[in-house]
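Q: I should like to learn how to read the features of a structural model. Where might we begin?

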Amino acid sequence: MSPDTDIDMPMHDEDRMPFWDADGEPVQALAPGDAPAPIRYDSALDALREVFGYEAFRGEQQAIIEHIISGGDALVLMPTGGGKSLCYQIPSLVRPGVGVVISPLIALMQDQVDALQELGVRAAFLNSTQTPGQAREVERAFLRGELDLLYVAPERLLTPRCLDFLSQGRIALFAIDEAHCVSQWGHDFRPEYQGLSLLAERWPGIPRVALTATATAATRSDIVSCLALQDAPQFVASFDRPNLYYRIVEKQEVRRQLLDFIRAEHAGECGIIYALSRTRVEQTAEFLTRNGITALPYHAGLDARIRADHQARFLREDGIVMVATIAFGMGVNKPDVRFVAHIDLPKSVEGYYQETGRAGRDGLPADAWLAYGLQDVVQQRRMIDDSDGDPLHQRRQMRQLDAMLALCETVTCRRQDLLAYFGQTIEPCGNCDTCLEPPAAWDGTVAVQKLLSAVYRLWRERGQRFGGGHLIDILRGQMTDRVKQHGHDTLSVFGVGENLSVDAWRGILRQALALGLLTVDLEGYGTLALTEASRAVLKGERTLMLRPVAVKRAKTSRQRTTTAAQLDALPPDALARFEHLRAWRARVAKEHSLPAYVIFHDATLREIALQCPDSLDALAGISGVGARKLETYGADVVACVAQVQS
Ligand code: ADP
Ligand code: ZN
């Protein structure tokens, strides 16, 4: 959701409305002890098991939660899907008072609250989608201590009215979700977030926990200074998401490749496709729809209602493919997104990692697929050069692009490269394309030298625009009209590269650009030019190991690591139960107009299908089945399982 339509500005009238209850009596905050007895959990582990139905904490969750329960502030850095929500939800259940969650996206609050209410948690939100009457109902519940969690957008929180009524109730903690929005350097800057610095001044004794999946040093220090978290411990989780299979392919006919990928590996499954421009989004969605895939476009140029409708369908229906610009995705916590595909090169590794992280939050295998080619490199370099703005910013963008290109061209484990970007080290992962099919890196020094000298010779003929195609014709000794017209067959480099195919040369050219050995000369004539770094290669001082040219395959083949493959495959009888359970879930979701995953996650249904529980007790032992879910759906689920067995 783009910031322009998702700002939550309360109406003026509402500001003047008193905190009165339905009988016209002003609502007084209740003294502690007067409030209706909330269910408080003695320990974090009780809440985890009872409410969420999970057996154990993940990673640092427990340490974080205990720290907050004891009244401490914290900065939590975890990858998307790492399990940040529990870090403030459980302390809100254990500490007295209401957990106030500041979340930038009003469009998603309803779903967040629905999901919590399904778990039996007393959650509510305050935003401009409500009538004043509904809003007052929520305010009243807050003041009477009848809520566990209250979601508000930052601009709403900062209104005098909201600050005023919050001061009258009891607050368990403030959770600042998507905290990277405070940072001007980040990709989702929201100026209102900076106003949150007043939390520390106004409520010095209430724990503040800031959470984000953006771990770069610049963002982190912005969060710390804005939210006054200088003394707070920082909990930095591993950014590894082992269930994601990373793959970067060479772009040929990208739509066809995309269609093959979806058909071969994700037919009927839910996914997100990212593209850079609105036109590409629309064209791709149309293309997929024509080819029988339920694809919806999403970008900031679409009408707000259409966007909201597409988002709702994506969340609620099974198997929708969303084709979007980066305006889509923040805060969308649909757990069963099975793939994220990029058909254009992302602008930074950070953005790429966030976007791919939206796949497979449920921990089941999911794909991160990116197609990238020569044109991407040229286009993005150009876009950065053309953008006005301060040179510092341009240089930063250029560095980000270079890191992204290095990831694309790496001949070692992709995940090692990705995590290194966040300052973390791991062993080769065994679940990325370079681990599974190691590219036979070859010594391309001589080939690159030939390419660079050809560029040098052409560049001297300033005033002419020679693109990559012409360059390759020269290297391969092709007597084209253009070659004849300019007398390029007389160049010393003419025909020196005839031993390599056009595709091979395109690959070399792309890698030379990616490695910064060539640049697009924009002051000149948009042609290719040498760089400072070219010199060492031309002088023979640097050896270049290159990726081989991709061999076109008839079919996309796929190898999985054993663990991933095991997770993927259910034995036939369990599969039948799983499908039956899914159909039941779809019906229930429709009746209650809830997203299916709010009822049960796929991961939970798989476990049920495998374990075949024949009683409520047996069902209770399955991860993801909490007390409330057991009560509401337990009998139906056990019956559903029994139907397939017989
Ligand atoms: P984040 O906000 O960090 O992107 P979420 O809080 O949405 O991640 O959690 C991702 C998924 O992992 C959710 O489906 C959540 O229910 C699940 N999850 C979180 N913690 C645990 C746990 N301790 N055990 C099992 N599942 C968990
Ligand atoms: Zn790997």
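A: Let us begin with a ligand and its surroundings. This is a predicted model. By class, the shell around ligand 1 holds five nonpolar, seven polar and three charged residues.

Q: Which of the 15 residues around ligand 1 come nearest?

A: Tyr-54, Gly-81, Lys-84, Ser-85 and His-601 come nearest.

Q: Which polar contacts should be read between the protein and ligand 1, given a cut-off of 3.5 Å between N or O atoms?

A: Consider side chains and backbone in turn. A polar side-chain atom of Tyr-54 is 2.6 Å from an oxygen atom of ligand 1, and a polar side-chain atom of His-601 is 3.5 Å from an oxygen atom of ligand 1. From the backbone, an N or O atom of Ala-56 lies 2.9 Å from a nitrogen atom of the ligand. Ligand 1 taken alone exposes 570 Å², of which the protein buries 85%.

Q: Let us turn to the metal. Which residues coordinate the zinc ion (ligand 2)?

A: The zinc ion is coordinated by the SG atoms of Cys-413, Cys-429, Cys-432 and Cys-435, at 2.3 to 2.4 Å. Along the chain, these donors follow the spacing C-x15-C-x2-C-x2-C.

Q: What do the positions of Cys-413 and Cys-432 tell us about the parts that the pair ties together?

A: Cys-413 is in the loop between α17 (391–409) and α18 (414–421), while Cys-432 is in the loop between α18 and α19 (433–436), so the pair ties together parts 19 residues apart in sequence. Both Cys-413 and Cys-432 are buried.

Q: How is the geometry of such a site judged?

A: Ideal angles at a metal are 109.5 degrees for four tetrahedral donors. In the present case, the angles among the four donor atoms of the zinc ion (ligand 2) are 103 to 118°, and the site is tetrahedral.

Q: Is Thr-434, in helix α19, buried or exposed?

A: Thr-434 counts as buried because its relative accessibility is 3%, where the cut-off for buried is under 20%. A polar atom of the Thr-434 side chain lies 2.7 Å from the backbone oxygen of Thr-412. The side chain of Thr-434 also reaches the backbone nitrogen of Arg-414, at 3.5 Å.

Q: How should one read a pair of residues that are apart along the chain?

A: Compare the separation in sequence with the distance between C-alpha atoms. Gly-626 and Glu-50 are 576 residues apart in sequence and 5.3 Å apart in space, C-alpha to C-alpha. Gly-626 lies in the loop between α29 (616–620) and α30 (627–645) and is buried, with a relative accessible area of 3%. For Arg-144 and Gln-168, 24 residues apart along the chain, the C-alpha atoms are separated by 9.9 Å. Arg-144 belongs to the loop between α7 (132–143) and β4 (149–152) and, at 31% relative accessibility, is partly exposed.

Q: What should one look for in the backbone phi angles?

A: Most residues other than glycine have a negative phi. Glu-178 has a positive phi, near 50°. Glu-178 is placed in the loop between β5 (171–176) and α10 (198–202) and counts as buried at 15% relative accessibility. Ala-228, which is not a glycine, has a positive phi of about 55°. Ala-228 lies in the loop between α11 (217–226) and β7 (234–236) and is partly exposed, with a relative accessible area of 31%.

Definitions and conventions: Residues are numbered from 1 along each chain as its sequence is written. Chains are lettered from A and ligands numbered from 1 in the order in which they are written. This is a predicted model: local features need pLDDT of at least 70, side-chain atom pairs count only at pLDDT 80 or more; totals for chains, interfaces and linings use all residues. Side-chain values use heavy atoms; hydrogens and water are left out. A residue is near a molecule or strand if one of its heavy atoms lies within 4 Å of it. A polar contact is a pair of N or O atoms within 3.5 Å; within protein, one must be able to donate a hydrogen and the other to accept it, and residues adjacent in sequence count only if both atoms are side-chain atoms. Accessible areas come from the Shrake-Rupley method with a 1.4 Å probe; for residues, only the protein chains shown count as cover. Ala, Val, Leu, Ile, Met, Phe, Trp, Tyr, Cys and Pro count as nonpolar, Asp, Glu, Lys and Arg as charged, and the others, Gly among them, as polar. Donors are N, O and S atoms within 2.8 Å of the metal (3.2 Å for Na, K and Ca); water is not among the atoms, so sites may look incomplete. Four donors count as tetrahedral if all angles lie between 85 and 135 degrees; four count as square planar and six as octahedral if opposite donors are over 155 degrees apart and all others between 65 and 115; anything else is irregular. Helices (H or I, at least four residues) and strands (E, at least two) are DSSP runs, numbered from the N terminus. Buried means under 20% relative accessible area, exposed over 50%, partly exposed in between (1.4 Å probe, protein chains only).
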